[in-house]
Amino acid sequence: MIKPKLLITGINGLIGRVVRDPLGKSFEVYGLDLTPPFSDRVFQADIADAPQVSQVLDRLAPVQCVIHLAGQAAVDTAWEPVLRVNIQGTRNLYEAARVSGVKRVVFASSNHVTGAYEGFAPHLHLHREAEPVPISVNHPIRPDSDYGVSKAFGEILARYYCARWGMESICLRIGSVCEDDDPTTDPRFLRTWLSHRDLVHLVECSLSANVTFGVYYGVSNNKGAFWDLSNARAELGYDPRDDASRRFAG
């Protein structure tokens, strides 16, 4: 049986490295990144350069799905690189995917789209009390940074491409993914951690769910989590197994 092709942008970053091998069970996985390592399946390309992105998709066509992870990831990134990479680059990706006939894009948004509910000063993130009701995707967006603004733009762009061009899009407001998968290194992580196991499960659900468009929080089943997972559970079938307060469950 021929596996459908999947392209992961930013495949050499943390999340890309976590999901690429598990997804290889169901997809023929390819990637693009600006930094090495490169191979016959991982191509060097700058998402801020539209022709480079188009060339990769043209070379691989037909590509069934794209997971868009590439971007400036630091919350305190200055405006110019945020504009070039996260905003212009995301638009480049969606347009190239549209032209190439990609069916679905899973967009790595961020919890920082609503990060201002926690405040703006970094120390506030460590002591925030839980909202009376966890923040859901129905709450108004409240970005906490230029980075958060860029991710909000990506969600709006995804909705536009879905409505205008019929491209399915799943936007994931990803929580705290740790290199060592250890949520005990920061008090905030006890509420915001997304374990590697739950991350893979969430992405798999996002690729297969019968949903045309949706925005979902991506976090493990943490006690006192800031965000409401009810729509991710109901619409994607997401069933997180891990809880930072217990480190790993079952």
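This briefing walks through the sheet, the helices packed around it and two residues worth finding in the structure above. Please keep in mind that the model is predicted. Its framework is an open sheet of seven strands with parallel pairing, in the order β3-β2-β1-β4-β5-β6-β7. From one strand to the next, the twist averages 20°.

**The sheet and its edges**

- The edge positions belong to β3 (42–44) and β7 (213–218). Each of these has a single partner strand, so one side of each is left without a neighbour in the sheet.
- As general background, strands of a sheet pair through backbone hydrogen bonds, and the pairing can be parallel or antiparallel.
- Towards the β7 end, strand β6 (residues 168–174) runs parallel to β7 and is joined to it by six bridges. If you would like a place to look, S169 stands opposite F213 in β7.

**Strand β4 and its partners**

- Strand β4 covers residues 65–68, and both of its faces are covered. C65 and I67 lie on one side, V66 and H68 on the other, and all of these are buried.
- That split fits a general pattern: in a regular strand the side chains alternate between the two faces of the sheet.
- One partner of β4 is strand β1 (residues 5–9), which runs parallel to β4 and is joined to it by four bridges. Here L6 stands opposite C65 of β4.
- Another partner is strand β5 (residues 104–110), paired with β4 in the parallel sense over four bridges. Here H68 has F107 of β5 as its bridge partner.
- A helix also links into this part of the fold: β4, helix α3 (residues 79–100) and β5 make a right-handed β-α-β unit.

**Helices on the sheet**

- Helix α1 packs on the sheet and touches β1, β2 (28–33), β3, β4 and β6. The direction of α1 makes about 170° with that of β1.
- Helix α5 (residues 146–165) lies across β5, β6 and β7. Relative to β5, α5 runs at about 160°.

**Where α1 meets α7**

- Helix α1 (residues 14–23) and helix α7 (residues 196–208) have axes that come within 10 Å and cross at roughly 65°. The crossing of α1 past α7 is right-handed.
- On the α1 side, the contact is made by I15, V18, V19, P22 and L23. On the α7 side, H196, L199, V200, V203, E204 and L207 take part.
- The residues of this contact divide into nine nonpolar, one polar and one charged.

**Two residues to find: L57 and P62**

- L57 lies in helix α2. Is L57 buried or exposed? L57 counts as buried because its relative accessibility is 0%.
- Which residues does L57 touch, leaving aside its neighbours within four places in sequence? The contacts of L57 are with L7, V63, V66, A96, A97, S100 and V102.
- For a distance check, L57 and G166 are 109 residues apart in sequence and 18 Å apart in space, C-alpha to C-alpha.
- P62 is found in the loop between α2 (50–60) and β4. P62 counts as exposed because its relative accessibility is 63%, and exposed means over 50%.
- P62 and K103 are 41 residues apart along the chain, and their C-alpha atoms are separated by 9.7 Å.

Conventions:
Residues are numbered from 1 along each chain as its sequence is written. This is a predicted model: local features need pLDDT of at least 70, side-chain atom pairs count only at pLDDT 80 or more; totals for chains, interfaces and linings use all residues. Side-chain values use heavy atoms; hydrogens and water are left out. Buried means under 20% relative accessible area, exposed over 50%, partly exposed in between (1.4 Å probe, protein chains only). Two strands pair if DSSP finds at least two bridges between them. A crossover is right-handed if, with the strands pointing away from the viewer, the path from the first strand over the helix to the second runs clockwise. Axes are lines fitted to C-alpha atoms, for helices over the stretch in contact, and angles run from 0 to 180 degrees between N-to-C directions. A crossing is left-handed if the near helix is turned anticlockwise from the far one by less than a right angle, and right-handed if clockwise. Contact means heavy atoms within 4.5 Å. Ala, Val, Leu, Ile, Met, Phe, Trp, Tyr, Cys and Pro count as nonpolar, Asp, Glu, Lys and Arg as charged, and the others, Gly among them, as polar.
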